Amino acid sequence: MTAATAATTTGAAAAAAADAAAPPLGQATALLQEALEARRTVHGDGRAAVPAPLVVPLGAADVLGTGVPDPHAATRPRANVQLTARAVLVGPWGGTREAACGQCLAMRWQRLRSRSEREALERGRPSHGAAAWPLLTPYAVDAVWAVYRAALGGRISPPAEAPADRALPQVTRVDLGTLATVTFPLLPEPLCPSCVTAVPETADTAPARLRAAPKPDPGRYRLRPASSYDLPEQALANPVCGALGARTWINPASTTTAPVAGTNFVRGYAGLNDVTWSGQANSYAASRTLARLEGLERYAGTHRRRGTAPVTASYDDLVAAGTPAVDPAVRGLYAPQTYARDPLVSPFDPAREIPWVWGRSLRDDRPVLVPARLAHYSAGTDADNFVFECSNGCATGGSAAEAVLFALLEIIERDAFLLAWYGRAPLTAIDLRSCRRASIRAMADRAELHGYDVLAHDTTMDLAVPVVTALAVRRDGGPGTLSFAAAAGFDPEETVESALSEVLTYIPHLPHQVAARRGELLGMARDYSKVLHLKDHAQLFGLPEMASHAREFLEPVDVLPLDAVFRDWTGSLRPRTGDLRDDVNFLVGRIAEAGLDAVVVDQTTPEQRRSGLHTVAMVVPGILPLDFGWSRQRALLMPRLRSGLRDAGRRPDLLPGPEIRAVPHPFP
């Protein structure tokens with residue numbers, strides 16, 4: 001059998017399979033297969049000039065492996081033409097850096113579909129459609145053939161300008177209604193079953209010891225500017241195969257920052273979640289870069305995308321075998337009544353098998369197993385639904401040490417805020433006039449133009465590193481009354497700036513959000529059990545009626561210059577070396593002195609590694625976790641809530657139960 005005959009036979013078999021699947025798409029797939037083969041023969045491209053077309057339908061079956069099995073699973077990886085209800089996708093073609101297959105394309109494409117389309121495909125519902133749709137006119141087939149011949153025959157080059165995009169495989173979309181064509185780069189899919197064979201998680205896959213990370217300056221903690229990473233911009237956001245979403249958008253209505261955002265649906269244990277990623281800087285170009293970096297961080301944190309299969313075992317069995325493992329109970333569990341009333345969660349059972357991934361204890365310098373649910377906050381099984389996690393403690397950097405540092409700072413920031421909030425800690429405000437950075441004064445001026453005063457409070461606790469909580473207060477007491485944000489960092493003035501920058505991103509929109517939901521939010525103010533989602537916490541404190549619960553933040557015990565507030569830190573505690581690893585070791589040491597461990601889990605995806613990025617999740621069992629939803633507040637039940645203020649020198653004794661502020665936190 002000749003190569004041409006074999007290709008024709010393969011195409012005919014695919015056409016027959018597609019026709020058998022009709023409707024929807026099946027008959028049109030068979031027609032397009034035959035038409036492309038005929039044109040290839042007529043034009044004399046049957047030898048090596050243009051490969052044989054292999055057409056499969058896309059959009060009539062689930063390709064992510066959760067719904068009805070894909071009848072084209074065997075041939076889809078080799079497909080170079082995929083027919084949807086609205087367009088034809090030609091490729092992947094080209095690519096000098098690495099290869100991607102038809103299955104990679106199909107998975108990327110399906111993740112960009114609407115909620116209704118994805119639910120239909122991924123929840124096992126049978127597909128229905130018109131008997132002869134899409135309609136393939138001769139003009140449409142000619143257009144597809146022209147694109148196919150040019151792309152697969154090497155007659156065109158990638159149109160993308162960025163080198164990282166041009167080096168990737170490309171996909172060309174032909175719109176069947178308008179015949180418009182557009183080409184986008186395609187990132188290989190790290191979970192593609194055709195390209196990647198999963199290997200078991202072992203202790204050898206745990207993160208390695210941190211390497212030296214020389215800093216540009218002892219006082220700088222980012223090794224490289226955000227703009228220096230070679231990101232495949234078009235491959236990350238495009239409507240055909242964008243890894244992070246279909247597009248980014250700006251918000252010109254914001255007058256405090258120049259925000260850029262994107263979004264996509266991520267399948268989690270509670271269904272499809274709308275995951276938004278954004279950047280907030282003073283220019284749209286800078287914000288767009290920060291948005292892409294945050295999008296990649298979310299992408300890495302939601303699911304494990306490293307081609308490894310988790311360890312499956314019960315906690316009891318791991319303890320019996322002497323295998324180091326993080327105890328979920330120490331990380332924090334919900335109140336018994338939550339498990340009794342919430343159908344999405346079940347009590348932790350140490351005898352039940354759950355998935356685990358390998359991390360490394362930075363305190364003990366050894367591999368340790370971490371429940372997968374604590375390491376990837378949208379992954380999970382019915383067996384390990386004992387808690388909902390969020391992105392707290394996930395961070396990205398130019399090295400593993402940089403990622404670990406900023407992940408630990410985020411955990412410390414949220415822990416300190418929760419201690420101050422639930423513990424009613426008396427606070428000292430920072431006199432913003434004492435800050436030397438012009439940017440801080442500019443942010444205060446911008447807030448003033450919106451009718452807000454901004455305050456900054458020292459919320460540093462026993463872990464020593466400066467923590468600043470910022471508060472924007474609407475002067476006239478209208479909707480959007482209070483807005484909170486926080487930051488932690490080694491440079492006190494930079495930390496103030498970060499906290500203020502965060503709070504300024506919310507105030508242009510908060511009044512409108514609160515006004516639109518006023519009745520619903522008033523119901524939450526009367527019954528905290530109605531506080532269910534992330535947005536509820538921040539928007540609840542946009543109600544003027546909730547301001548009385550923030551008295552310690554509105555009435556600080558003192559107002560001091562920045563240098564006076566952080567005199568001990570800058571005078572003796574702050575590390576000042578040229579290696580970022582020393583800063584990490586300082587934080588790990590303080591955490592260990594508090595009786596806690598710091599465990600790092602590597603979340604880095606292949607897409608990030610190509611650009612020199614690292615993403616980690618830090619798990620610190622025993623520190624206060626940030627939760628959303630009033631019934632899911634683990635912090636209220638943890639020993640550290642009682643001891644943290646005492647250990648920080650903010651009160652002489654353990655926090656008595658009656659003094660806990662039993663009010664939902666306002667953290668955004």
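**Close-up views of a predicted model**

**Figure 1. A buried aspartate, D583, and its surroundings.** In this predicted model, D583 is buried, with a relative accessible area of 0%. D583 belongs to helix α22, which spans residues 580–593. Once its neighbours within four places in sequence are set aside, D583 is in contact with K215, Y221, L405, F490 and P575. F490 therefore appears in this view as a partner of a residue that counts as buried because its relative accessible area is under 20%.

**Figure 2. F490 and the largest nonpolar core.** The largest nonpolar core holds 98 residues, and those with the most contacts inside it are L408, W421, F490, V496, L587 and M618. Helix α13 supplies the largest share of this core, namely 16 residues. Not counting residues up to four places away in sequence, F490 touches Y221, L405, L409, V465, T495, W569, R574, P575, D583, F586 and L587. Apart from this core lies another one, made of 29 residues, including A313, V368, L374 and V599.

**Figure 3. The crossing of helices α13 and α24.** Two packed helices are described by the angle between their axes and by the distance between the axes. Here the axes of α13 (residues 400–422) and α24 (residues 639–647) come within 10 Å and cross at roughly 90°. The two helices, α13 and α24, are therefore roughly perpendicular to each other. On the α13 side the contact is made by D415, L418, L419 and Y422, and on the α24 side by R640, L641, G644 and L645. The residues of this contact between α13 and α24 divide into five nonpolar, one polar and two charged.

**Figure 4. Two residues with positive phi, R424 and A464.** Most residues other than glycine have a negative phi, and most peptide bonds are trans. In R424, a residue other than glycine, phi is nevertheless positive, with a value near 50°. R424 is found in the loop between α13 and β15, the latter at 428–431, and with a relative accessible area of 37% it is partly exposed. A second view shows A464, also a residue other than glycine, in which phi is positive and near 75°. A464 lies in the loop between β16 (452–458) and β17 (467–474). At 11% relative accessibility, A464 counts as buried.

**Figure 5. A cis peptide bond before P92.** The peptide bond that leads from G91 to P92 is cis, and its omega is near 5°. P92 itself is found in strand β3, which covers residues 87–93.

**Figure 6. D563 and S434, brought together from separate parts of the chain.** Although D563 and S434 are 129 residues apart along the chain, their C-alpha atoms are separated by 8.0 Å. D563 has its place in helix α20, residues 562–565. At 49% relative accessibility, D563 counts as partly exposed.

**Figure 7. The region annotated as a YcaO domain.** An unreviewed UniProt entry lists residues 279–668 as "domain: YcaO". Over residues 279–668 the chain is 39% helix and 17% strand, and the C-alpha atoms at the two ends are 15 Å apart.

Conventions:
Residues are numbered from 1 along each chain as its sequence is written. This is a predicted model: local features need pLDDT of at least 70, side-chain atom pairs count only at pLDDT 80 or more; totals for chains, interfaces and linings use all residues. Side-chain values use heavy atoms; hydrogens and water are left out. Axes are lines fitted to C-alpha atoms, for helices over the stretch in contact, and angles run from 0 to 180 degrees between N-to-C directions. Helices (H or I, at least four residues) and strands (E, at least two) are DSSP runs, numbered from the N terminus. Angles under 35 degrees count as roughly parallel, over 145 as roughly antiparallel, 65 to 115 as roughly perpendicular and the rest as oblique. Contact means heavy atoms within 4.5 Å. Ala, Val, Leu, Ile, Met, Phe, Trp, Tyr, Cys and Pro count as nonpolar, Asp, Glu, Lys and Arg as charged, and the others, Gly among them, as polar. UniProt positions are given in the numbering used here, feature names are shortened, and annotations may be inferred rather than shown by experiment. A nonpolar core is a set of buried Ala, Val, Leu, Ile, Met, Phe, Trp, Tyr and Cys residues joined through side-chain atoms within 4.5 Å. Buried means under 20% relative accessible area, exposed over 50%, partly exposed in between (1.4 Å probe, protein chains only).
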